[in-house]
Amino acid sequence: MIIGARFARWGLGLFIFGVFLTFGIIAHYCAGSRWPNGALFMQNITLWWACPWTLSVAAVQAGGLGMVAIGLTLMLAARVSPTRPAAEGSAALWLCIVGLLGVFAVGYPGYFVFDAIWPSYYYSPIATGKNAWLLGQALFIAIYLQAS
């Protein structure tokens, strides 16, 4: 029951954190990109309308809701189970948290770090920078999915 409640609390907190992160996406749309958009960027509609932070914000929000669902399921299972659960499951909780915060760190503030190394990597696109940035996010999404 305790680990279920912790999953639900952390999940709700991360979901709300993701809601606040959307203000950065709105500001990006209002201010526009810092770099000029090249012809290749304009041909790819998925990049044309998407803010670079959309993936990390969506992962944090969806992952947070997933953690709430896991927590509620664990709480229900503990309530209806005639025996005590064998394992605590706190490792899974921390892997979920690390996975979602890692996606945020690489995808949102990490965007600026990658942009300092490969200027305009998202908009040009510079394949090396973009692939490294996306693989970093994919690694943390995989950690989250493995734990959940």
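**A helical chain and its nonpolar core**

Ser 120 counts as buried, with a relative accessibility of 10%, where the cut-off for burial is under 20%. In this predicted model, Ser 120 also has a positive phi of about 65°, although it is not a glycine. As background, most residues other than glycine have a negative phi. The setting of Ser 120 is the loop between α6 (109-117) and α7 (127-147).

Those two helices belong to a chain with seven helices and zero strands. Read from the N terminus, the order of elements is α-α-α-α-α-α-α. The chain has 148 residues, of which 36% count as buried. Among contacts with a separation of 6 or more, 83% join residues 24 or more positions apart. Turning to the outside, the chain exposes about 8,300 Å², and carbon and sulfur atoms supply 74% of that area.

The interior can be followed through its largest nonpolar core, which has 25 residues. Met 67, Tyr 111 and Trp 133 are the residues with the most contacts inside this core. At least two core residues come from each of α1 (2-31), α4 (54-80), α5 (90-107), α6 and α7. The largest share, six residues, is supplied by α5. In soluble globular proteins, nonpolar side chains tend to be buried together.

Trp 133 gives a closer view of these contacts. Leaving aside residues up to four places away in sequence, Trp 133 touches Pro 52, Val 106, Gly 107, Gly 110, Tyr 111, Phe 114, Tyr 121 and Tyr 122. Tyr 111, one of these partners, is itself among the residues with the most contacts inside the core.

Met 67 leads to helix α4, where it is one of the buried residues. The others listed as buried in α4 are Ser 56, Val 57, Ala 59, Val 60, Gln 61, Gly 63, Gly 64, Val 68 and Gly 71. The length of α4 can be checked as well: at 1.5 Å a residue, its 27 residues should span 39 Å, and the end C-alpha atoms are 39 Å apart, so the two values agree.

Nonpolar side chains also appear on the surface. Leu 12, Ile 16, Phe 20, Phe 23 and Ile 26 make a nonpolar surface patch of about 510 Å². Ile 26 lies in helix α1, a helix that also supplies at least two residues of the core. With a relative accessible area of 45%, Ile 26 is partly exposed. In an α-helix there are 3.6 residues a turn, so residues three or four places apart point the same way.

Terms used
Residues are numbered from 1 along each chain as its sequence is written. This is a predicted model: local features need pLDDT of at least 70, side-chain atom pairs count only at pLDDT 80 or more; totals for chains, interfaces and linings use all residues. Side-chain values use heavy atoms; hydrogens and water are left out. Helices (H or I, at least four residues) and strands (E, at least two) are DSSP runs, numbered from the N terminus. Buried means under 20% relative accessible area, exposed over 50%, partly exposed in between (1.4 Å probe, protein chains only). Contact means heavy atoms within 4.5 Å. Accessible areas come from the Shrake-Rupley method with a 1.4 Å probe; for residues, only the protein chains shown count as cover. A nonpolar core is a set of buried Ala, Val, Leu, Ile, Met, Phe, Trp, Tyr and Cys residues joined through side-chain atoms within 4.5 Å. The expected span of a helix is 1.5 Å times one less than its number of residues. Patches are made of residues with over 30% relative accessible area and no salt bridge: like charges are joined within 9 Å, nonpolar side chains (Val, Leu, Ile, Met, Phe, Trp, Tyr) within 5 Å. A salt bridge is a side-chain nitrogen of Lys or Arg within 4 Å of a carboxyl oxygen of Asp or Glu.
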